[in-house]
Structures are given as C-alpha cells and as structure tokens.
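Reader: I am new to this structure. Please take me closely through one part of it, starting from a single residue and working outwards.

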Amino acid sequence: MRFLLSLCFFLFLGVSYAQENLRVSLRDYEKQKIQMSFLDATPLQAKYDIGFYGIDLAVENTSTYLSGSVTLRAKVLSESLDTFAFHLHTAMNIDTIWFSKANTKRTSLAFVTDSQTHERFVLLPKSKKNEVLDIQVVYHGLADSKKGFLTGISHNAYGGGIVW
C-alpha cells in the first residue's frame, strides 16, 4: 500500500512539473512570437515591462463607432525612460493620454505618431529604473467593419446580435 501511494505521489508530482514546464515554454514561445511580429517595431518596448492592461470600451451593436480607454501599468527596466511606445489603429483618434507614477499627480501628456509605422510615442517625464508608471490612453473612432471573426467590428445575428 505504501508503495502504491508513493508511486501515485511521484506520478502526480511528475505531471505537475511537466505542466509547469509546458506553461513556461508556451509563455516563452508567445514572448518570442510577439518580439518577432510587426508589433515590436521599436527597441523602446524592451525598456519597460507591462504588468497590467485594463480595457474599457463603449461599443454598440448598431455601429462600428467605439470609444474607450486602455490603462496600463509598466515597470521601467532601463536606467532611465523618457519615451513610451504603443500601437493604436490609425482609425482611432486619441483624446487624452494620462500619466502618473507613485506619489505624483495625474497629468496629461503629449504624443507623436510615426507616419510610416503608425506607432504612437508618448513623451514621459524622466523615469528611473524600477519605477512603476500608470498610463491611460483615451480614444475614439470608427473601427474597421471587415467581415469575419477578429477582423474589426462586424454585426451578426447569432442570438440577437454579436459585436466582435
């Protein structure tokens, strides 16, 4: 009986370890995939680590107009950081970009857009290594209305209307 319990314990431990290794491998694969994709258009993105995304969208099932905001929290990885890069579809107009870090008042920041990559760059107050930054991008616009799953906003009659 003791042998059977020991065998079960080691089998369970082995399966748990294998699952954790698989999770780590998949996580590493996803990071590599993102780094190789067109979304990693700037070396700036290696200077910070985003630990949180909060997405707040206002979408209707009768229009492709949407408004909303993305709030993110990032930790500075480099010795200093004065520019932040992000991607937003060209059809979206930025209303405001809010910025704060520990013990500072929330302020509005300026941004510039790269005309070739359409990447947006936010000019930050100088930030040091390990500081945590909160950035909120408030935007609106008419989203793509291409047909098909994950290609923009389209309306479908499944169960009374779906926006995807």
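Author: Arg120 touches many residues beyond those up to four places away in sequence. They are Phe84, Ala85, Phe86, Leu88, His89, Thr90, Met92, Ile94, Phe111, Val112 and Thr113. Touching, or contact, means heavy atoms within 4.5 Å.

A word on the basis. This is a predicted model, in which local features need pLDDT of at least 70 and side-chain atom pairs count only at pLDDT 80 or more, while totals for chains, interfaces and linings use all residues. Residues are numbered from 1 along each chain as its sequence is written, and side-chain values use heavy atoms, with hydrogens and water left out.

Back to Arg120. Arg120 sits in strand S7. Strands are DSSP runs of E, at least two residues long, numbered from the N terminus. Arg120 is buried. Buried means under 20% relative accessible area, exposed over 50%, and partly exposed in between, with a 1.4 Å probe and protein chains only. Arg120 has no salt bridge. That term needs a side-chain nitrogen of Lys or Arg within 4 Å of a carboxyl oxygen of Asp or Glu. The nearest side chain of opposite charge is Glu119, 9.6 Å away. Here Lys and Arg count as positive, Asp and Glu as negative; His and the chain ends are not counted. The Arg120 side chain does reach the backbone oxygen of Met92, at 3.5 Å.

Now the strands around Arg120. S7 covers residues 119–128 and runs antiparallel to S6, joined by three bridges. Two strands pair if DSSP finds at least two bridges between them. Thr113 stands opposite Arg120 in S7, and Phe111 stands opposite Val122. S6 and S7 make a hairpin with five residues between them. In that turn, His118 has a positive phi of about 65 degrees.

S7 also pairs with S3. Seven bridges join these antiparallel strands. Ala85 has Phe121 as its bridge partner in S7. Together the three strands form an open sheet in the order S3-S7-S6, with antiparallel pairing. Its edge strands are S3 (80–87) and S6 (111–113), each paired on one side only. The twist averages 30 degrees from one strand to the next. For such angles, axes are lines fitted to C-alpha atoms, and values run from 0 to 180 degrees between N-to-C directions.

Next, Thr83 in S3. Thr83 counts as buried because its relative accessible area is 16%. Its side chain makes a polar contact of 3.1 Å with that of Asp82. A polar contact is a pair of N or O atoms within 3.5 Å; within protein, one must be able to donate a hydrogen and the other to accept it, and residues adjacent in sequence count only if both atoms are side-chain atoms. Not counting residues up to four places away in sequence, Thr83 touches Leu44, Phe121, Val122, Leu123 and Leu124.

A second open sheet has five strands, ordered S1-S2-S8-S4-S5, with antiparallel pairing. S1 (48–59) and S5 (107–108) are its edge strands, each pairing on one side only. S4 and S5 pair over two bridges. Phe99 has Thr107 in S5 as its bridge partner.

Asn93 lies in S4, residues 92–101. Asn93 is partly exposed because its relative accessibility is 41%. Beyond neighbours within four places in sequence, Asn93 contacts Val138, Tyr139 and His140. Asn93 and His140 are 47 residues apart along the chain, yet their C-alpha atoms are separated by 5.4 Å.

Conventions:
Helices (H or I, at least four residues) and strands (E, at least two) are DSSP runs, numbered from the N terminus.
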